[in-house]
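Thank you all for coming. I would like to take a few minutes to walk through a structure that may be new to many of you, and I will go slowly from one place to the next.

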Amino acid sequence: EGTVAADSAGEWVIAGTTISDTGGNAIVPYESTGNWTITATTIRNSDADGIDAGRVDTGRIRNVSVTNVTDNGIIMAEADGDWIVEDTTVREAGETGILASGSEGSGTIRQVTVANAVDGVDFYKSNGDWRVRETTIRNASRNGIVAVGSTGAPMVENTMFRDVGEGLDM
C-alpha cells in the first residue's frame, strides 16, 4: 500500500506527492469523513487501485495523474456526500477509470481525461445527481460511461467519447 487514510475524519490534504510502484492501492481514504483533498499528486504503477475513496462522506480530487494501475484509477463507489474529481487524468487502468457505482449524493467529474480502460466512468446504480462535464474518454474497450440503474438527475455535458465500445450505457 501507498498512503492509507482509511476511516479518517476531519480536514486533511495530500498535496505535491508522487507515489509509484506500490504493491497495492496507492492512496486509500476509504470510508473517510470530513472535507479531505488530494491535489497536485502523481500516482504511477500500482498493483491495485490508484485512489480507493469508496464509501467516503465527501472529498475532492484535483490536479491528479493516475497512470498504469492494475485495477481502477479512482474509486468513489458508494460515496454518500458531495465529491468532485477535476482537472485529473487517468491512463492505463486495468478496469475502470473512475468507479462511482452505488453513489449517493452529488458527484462531479469535470475536466477529466480517462484513456485506455475497460470502462471510462461507472455510475451503475448511483442515486445522486451526478455530473460529467468537459471530459474526454478515449480507448475504453467497453463503455465510455455506464449509468444503468441510476436515478436522480444525471447530466453529461461537453464530453467527448473517442474509440469506445459504447459511448453512454444507460
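What follows is a short tour of a few residues, a core and a surface patch.

Please keep in mind throughout that this is a predicted model.

Let me begin in the interior, with the largest nonpolar core, which has 36 residues, and in which Ile51, Ile74, Met76 and Phe123 touch the most other members. Several strands contribute here, since β5, β7 (59-69), β9, β11 (107-122) and β13 (136-146) each supply at least two residues of this core. Which strand gives the most to it? That is β11, with 5 residues. If we take Ile74 as one example, and leave aside its neighbours within four places in sequence, we find Ile74 in contact with Ile51, Ile61, Val66, Val85, Thr88, Val90, Gly97, Ile98 and Leu99.

One of those contacts of Ile74 is Thr88, and that gives us a way into strand β9, where Thr88 has its place. Is Thr88 buried or exposed? Its relative accessibility is 1%, and because buried means under 20%, Thr88 counts as buried. The side chain of Thr88 has a polar atom that lies 2.8 Å from the backbone oxygen of Glu86. Beyond its neighbours within four places in sequence, Thr88 is in contact with Ile61, Arg62, Asn63, Val64, Ile74, Gln111, Val112 and Thr113.

Let me turn now to strand β5, and to a threonine there, Thr41. Thr41 is buried, with a relative accessible area of 2%, and its side chain reaches the backbone oxygen of Thr39 at 2.8 Å. Again leaving aside neighbours within four places in sequence, the contacts of Thr41 are Ile14, Ala15, Gly16, Thr17, Ile27, Asn63, Val64 and Ser65.

Ala40 is also found in strand β5, and at 36% relative accessibility it counts as partly exposed. What may catch your eye in Ala40 is its backbone, with a positive phi of about 50° although the residue is not a glycine. Glu78, too, has a positive phi, of about 55°, without being a glycine, and this residue is found in the loop between β8 (74-75) and β9 (83-93). Glu78 is partly exposed, with a relative accessible area of 37%.

Further along strand β5, which covers residues 36-46, we come to Asn45, a partly exposed residue with a relative accessible area of 29%. Which side chains does Asn45 meet through polar contacts? One such contact, of 3.1 Å, joins it to the side chain of Asp21, and another, of 2.7 Å, joins it to the side chain of Asn68. Not counting residues up to four places away in sequence, Asn45 touches Ser20, Asp21, Thr22, Thr67 and Asn68. Arg62, by contrast, is 17 residues from Asn45 in sequence and 19 Å from it in space, C-alpha to C-alpha.

I will finish on the surface, where Val156, Leu168 and Met170 form a nonpolar patch, with about 260 Å² of accessible area together. Met170 is found in the segment after β15 (160-169), and with a relative accessible area of 57% it is exposed, because exposed means over 50%.

Technical notes. Residues numbered from 1 in each chain as written. Predicted model: local features only at pLDDT ≥ 70, side-chain atom pairs only at ≥ 80, totals over all residues. Heavy atoms only, no water. Helix = DSSP H or I, 4+ residues; strand = E, 2+ residues; numbered from the N terminus. Buried < 20%, exposed > 50% of the residue type's maximum accessible area, 1.4 Å probe, protein only. Contact = heavy atoms within 4.5 Å. Polar contact = N/O pair within 3.5 Å; in protein donor to acceptor, adjacent residues only side chain to side chain. Patch = residues over 30% accessible without salt bridge, like charges linked within 9 Å, V, L, I, M, F, W, Y side chains within 5 Å. Areas by Shrake-Rupley, 256 points an atom, 1.4 Å probe, with all protein chains shown as cover. Salt bridge = Lys/Arg side-chain N within 4 Å of Asp/Glu carboxyl O. Core = buried A, V, L, I, M, F, W, Y, C linked by side-chain atoms within 4.5 Å.
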